[in-house]
Amino acid sequence: LDGHGGVYTHTAMFEVHFADMAKAEDGHKILTDLSKAAAEASLKKHLVAVGAHEDAEPAWAVTLEAMEDKSCTAFTCPLAQKMKAGAAAVEPATPEACCEMDPTKTPPVKMMGNVSFVAEADTAQATMALHAMLASHLAINAVDIRSTLAGAMKIASTTRRLDGHGGVFTYTGPMEVHFVDYTAALAGFTKLNATTAAAAETLMQAELLKLTGHGDVAVEWVATLVAPVDPDTCAAYKCPAGQMVDATKAATKPTSDAECCVENPDASVMEVAGQMVFTADGTVENVKTGVEAMLTKTLMVNPADVTATVTAADVPAAGDARRLADQQFTADYVVAFSDEATAEAAHTALVALPADAAAAALKTELTTAGVTVPATFNVTKTQTAPVAASSGTGTTASGSVEAGVAAVAVIAVLAF
């Protein structure tokens, strides 16, 4: 009776970090080749050194998992993104650290919905379990799943295990699953929609068990899904301000506004005007193309609703380091909306849009349009409140984005 309390079989999960993959492979081989007898002898020596008895046999057993490269080298970027140049060795691998938007790829098709489930887990664990379940069940990449879960306590931790989770929670929130095209999105929607609550609960319990060590709580899965919309049909079309999609042509694959849109008798066209000032090297026509593309994607409107007028002027003297080809461009723009509420929402989004994020989005579109953008790209933006005609007082902000700006800034912009 020396305070140890008895003889125990100890089990543990362990994780060993190495400087690079080569060293990890060496360490993995050493443990793989280590005999049971040698491991027990070494372990007994260290146990005795910290006060354990030497007459209990360690009975060593070890199971090694496959090595995991946590750098961008082994990372799969989300759909419509590509690996950043020079990011291969960056750790830990995240979409923001590893990836950037790829203008050559088409945007993913989204399946939207709301989910509710019960878990004895914190919000991070619940989110990871949801994403892992959906990724496995739908055979997609977990980075192509988005969700925002909010937890409400169902059972306080004092009545169950005190393991740090804080209790049993009911998690609810919207989710968004991205697919490479409409065919894949429709197949994913059909499969998930046909998955019974019992089957989904079994899948969720398995993922929660991996993350928390227990999965015995009834999951109570409920999912409400919205069928994906074919981006090539009128149902997904953004009609010009003052018009709306003709309900009788929702399945039509259009080639022009006229094939999808009809006049909206309830529309009251409003305009949001603004200005962006920046320095770049390109033609006025290409800059106009880039500015209009940035606004179209940022505000998710019909290209016909965006008009930019671009003027160029010589860059003020700024030292010998500045390229002589650079010019200061002033882009005055007007974006039209079908009603005041939509225009107000767009204006609020533009005002709230950080200047650095605006610079990142504009840089992407200017580059795609053939404009050369300086390594440090500064944008000053001004926007006016929605009006029937362009007038009003603007709000000005300025910011910059360094070369190789994080893709998350662009994603944040395009998410409006």
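Which residues is Leu-362 in contact with, leaving aside its neighbours within four places in sequence? The tour below returns to this question after a view of the whole chain.

**The whole chain**

Begin with everything displayed, and keep in mind that this is a predicted model. Colour the protein chain by secondary structure: ten helices and 14 strands should appear. Of the 416 residues in the protein chain, buried residues make up 35%. Turn on the surface next; the chain exposes about 22600 Å², and carbon and sulfur atoms supply 58% of that area. Among the contacts with a separation of 6 or more, residues 24 or more positions apart account for 64%.

**First stop: the largest nonpolar core**

In soluble globular proteins, nonpolar side chains tend to be buried together. Select Met-276, Phe-278, Val-291 and Leu-362, which touch the most other members of the largest nonpolar core, a set of 33 residues. Then colour the elements that give two or more residues to this core: β10 (270-280), α7 (284-299), β11 (306-314), β12 (327-337), α8 (340-352), α9 (355-368) and β13 (377-383). Of these, α9 gives the most, with six residues.

The opening question can now be settled on the screen. Centre the view on Leu-362 and show its surroundings: leaving aside neighbours within four places in sequence, Leu-362 is in contact with Met-276, Phe-278, Gly-290, Val-291, Met-294, Phe-377 and Val-379. Apart from this core lies another, of 29 residues; to find it, select Val-115, Ala-126, Leu-192 and Ala-200, which are among its members.

**Second stop: the aromatic rings**

A pair of aromatic rings is described by the distance of the centres and the angle of the planes. The structure contains five aromatic pairs. For one example, select Phe-117 and Tyr-171. The centres of their rings are 5.9 Å apart and the planes stand at 35 degrees, so the pair is tilted. Phe-117 belongs to strand β3 (residues 109-119) and Tyr-171 to strand β6 (residues 167-179), so the pair ties together parts that are 54 residues apart in sequence.

Are these two residues buried or exposed? Phe-117 is buried, with a relative accessible area of 0%, and Tyr-171 is buried as well, with 1%. Now add Phe-169 and Trp-221 to the selection: together with Phe-117 and Tyr-171, they form one aromatic cluster.

**Third stop: the disulfides**

A disulfide is a covalent bond between the sulfur atoms of two cysteines. How many disulfides does a search of the whole structure find? The search finds four. If the bonded cysteines are numbered in sequence order, the pairing is 1-3, 2-4, 5-7, 6-8.

Select Cys-77 and Cys-99, which are joined by a disulfide with an S to S distance of 2.1 Å. The torsion about their S-S bond is about -90 degrees, so this disulfide is left-handed. Cys-77 is in the loop between α2 (36-49) and β1 (81-83), and Cys-99 is in strand β2 (residues 99-101), so the pair ties together parts that are 22 residues apart in sequence. Both Cys-77 and Cys-99 are buried.

Move next to Cys-234 and Cys-260, whose sulfur atoms are 1.9 Å apart. With -85 degrees about the S-S bond, their link is left-handed. Cys-234 is in the loop between β7 (222-226) and β8 (243-245) and Cys-260 in the loop between β8 and β9 (261-263), a separation of 26 residues. Both Cys-234 and Cys-260 are buried.

Then select Cys-239 and Cys-261, a disulfide with its sulfur atoms 2.1 Å apart. The link of Cys-239 and Cys-261 is left-handed, with -95 degrees about the S-S bond. Cys-239 lies in the loop between β7 and β8 and Cys-261 in strand β9, so parts that are 22 residues apart in sequence are tied together. Cys-239 is buried, with a relative accessible area of 15%; Cys-261, at 9%, also counts as buried.

**Last stop: Thr-283**

Finally, select Thr-283, in the loop between β10 and α7. Thr-283 is partly exposed, because its relative accessible area is 38%. Display its side chain, which reaches the backbone nitrogen of Asn-286 at 3.1 Å. Then locate Phe-329: Thr-283 and Phe-329 are 46 residues apart in sequence and 9.8 Å apart in space, C-alpha to C-alpha.

Note on methods. Residues are numbered from 1 along each chain as its sequence is written. This is a predicted model: local features need pLDDT of at least 70, side-chain atom pairs count only at pLDDT 80 or more; totals for chains, interfaces and linings use all residues. Side-chain values use heavy atoms; hydrogens and water are left out. Helices (H or I, at least four residues) and strands (E, at least two) are DSSP runs, numbered from the N terminus. Buried means under 20% relative accessible area, exposed over 50%, partly exposed in between (1.4 Å probe, protein chains only). Contact means heavy atoms within 4.5 Å. Accessible areas come from the Shrake-Rupley method with a 1.4 Å probe; for residues, only the protein chains shown count as cover. A nonpolar core is a set of buried Ala, Val, Leu, Ile, Met, Phe, Trp, Tyr and Cys residues joined through side-chain atoms within 4.5 Å. Rings of Phe, Tyr and Trp (its six-membered ring) pair if their centres lie within 6.5 Å; planes under 30 degrees apart count as stacked, over 60 as edge-to-face and the rest as tilted. A disulfide is a pair of cysteine sulfur atoms within 2.5 Å. A polar contact is a pair of N or O atoms within 3.5 Å; within protein, one must be able to donate a hydrogen and the other to accept it, and residues adjacent in sequence count only if both atoms are side-chain atoms.
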